[in-house]
Amino acid sequence: MLIALFDWLSGIGITRDRLLALVSVLAFIMSSLTWIMAFVRQRKRVSIKANVYELRVDVHIFHLSIENKSRLPIAISLISVSDARIRLECDIVPAMVYSKAIRVKDEIVEQRKYDSFSFPINIPALASVSGFLVFRDIQPNPKAFSTEVTFRLFSNRGRPVKKKLSLPDLQLDDLVNKPR
């Protein structure tokens with residue numbers, strides 16, 4: 001069968017040398033496409049969404065959703081937020097953000113506690129996480145961020161990811177008091 005194929009190819013003017021050159025060019029093209037596809041599939045693609053923003057006495061609180069759209073896991077080691085006036089880094093030690101006790105008469109039926117993220121934030125491939133972040137402001141009488149802020153996500157996979165987001169109108173009480 002293979003001899004018949006070579007006879008047919010030589011009949012239409014393709015010699016053995018031309019066939020080897022053609023096969024090597026096709027092999028180069030296919031291997032290049034494999035490298036490009038691997039790069040596109042495994043590059044760092046992270047999206048972030050701010051669900052809640054609230055300013056308390058000296059603390060900025062965000063509820064964020066972070067999605068890893070790449071096929072490799074990612075570990076976020078630090079997140080910073082900035083606008084035209086200030087730049088803050090989040091607390092890497094978890095802190096209680098909100099606590100609520102549900103009572104029936106004098107008895108506590110349910111207690112809800114919400115803590116901020118614990119760092120590093122490990123996100124598996126094609127997965128997402130959501131939670132609270134606390135940013136402490138050391139300035140006296142801190143002001144709320146403007147309507148648009150820039151988040152920087154520092155990770156184990158290269159340069160920080162910068163995302164500009166508009167701040168939501170939703171407050172912390174609106175999020176945690178939603179019916180389940």
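Which helix is Met30 found in? Met30 belongs to helix α2, which covers residues 16-42. Please keep in mind as you read that this is a predicted model.

## A nonpolar patch on the surface

Met30 is a good place to begin. Its relative accessibility is 55%, so Met30 counts as exposed, the threshold being over 50%. Met30 is also one of the residues in a nonpolar surface patch, alongside Leu22, Val25, Leu26, Phe28, Ile29, Leu33, Ile36, Phe39 and Val40. Together, the residues of this patch have about 1,000 Å² of accessible area.

## The nonpolar cores

Let us turn to the interior. The largest nonpolar core holds 28 residues, and those touching the most other members are Phe62, Ile66, Ile79, Phe135, Phe145, Phe151 and Leu153. Two or more residues each are supplied by β1 (46-55), β2 (59-68), β3 (74-82), β7 (121-123), β8 (127-136), β9 (148-155) and β10 (161-166). Strand β3 gives the largest share, five residues.

Ile79 makes a handy viewpoint here. With neighbours within four places in sequence left aside, Ile79 is in contact with Ile66, Leu88, Glu89, Cys90, Phe119, Ile121, Leu133, Phe135, Phe151, Arg152 and Leu153. Another core, of seven residues, lies apart from the largest one, and its members include Val59, Tyr98, Tyr114 and Phe132.

## The β5-β6 hairpin

Strands β5 (residues 96-104) and β6 (residues 107-115) run antiparallel and are joined by eight bridges. Val104 stands opposite Glu107 of β6. The hairpin has two residues between its strands, and Lys105 adopts a positive phi near 60°.

## Salt bridges

Side chains of opposite charge can pair when their charged atoms come close. With a cut-off of 4 Å between nitrogen and carboxyl oxygen, the model has four salt bridges. One of them links Asp91 and Arg136, at 2.8 Å from N to O. Asp91 sits in the loop between β4 (87-89) and β5 while Arg136 is in strand β8, so this pair ties together parts 45 residues apart in sequence. Asp91 is buried at 18% relative accessibility, whereas Arg136 is partly exposed at 42%.

Asp83 and Arg85 form another salt bridge, with their closest N and O atoms 3.3 Å apart. Here Asp83 is buried, at 14% relative accessible area, and Arg85 is partly exposed, at 46%. Arg112 pairs with Glu110, where the closest N and O atoms are 3.2 Å apart. In this pair Arg112 counts as buried at 15%, while Glu110 is partly exposed at 32%.

How values were computed
Residues are numbered from 1 along each chain as its sequence is written. This is a predicted model: local features need pLDDT of at least 70, side-chain atom pairs count only at pLDDT 80 or more; totals for chains, interfaces and linings use all residues. Side-chain values use heavy atoms; hydrogens and water are left out. Patches are made of residues with over 30% relative accessible area and no salt bridge: like charges are joined within 9 Å, nonpolar side chains (Val, Leu, Ile, Met, Phe, Trp, Tyr) within 5 Å. Accessible areas come from the Shrake-Rupley method with a 1.4 Å probe; for residues, only the protein chains shown count as cover. A salt bridge is a side-chain nitrogen of Lys or Arg within 4 Å of a carboxyl oxygen of Asp or Glu. Helices (H or I, at least four residues) and strands (E, at least two) are DSSP runs, numbered from the N terminus. Buried means under 20% relative accessible area, exposed over 50%, partly exposed in between (1.4 Å probe, protein chains only). A nonpolar core is a set of buried Ala, Val, Leu, Ile, Met, Phe, Trp, Tyr and Cys residues joined through side-chain atoms within 4.5 Å. Contact means heavy atoms within 4.5 Å. Two strands pair if DSSP finds at least two bridges between them.
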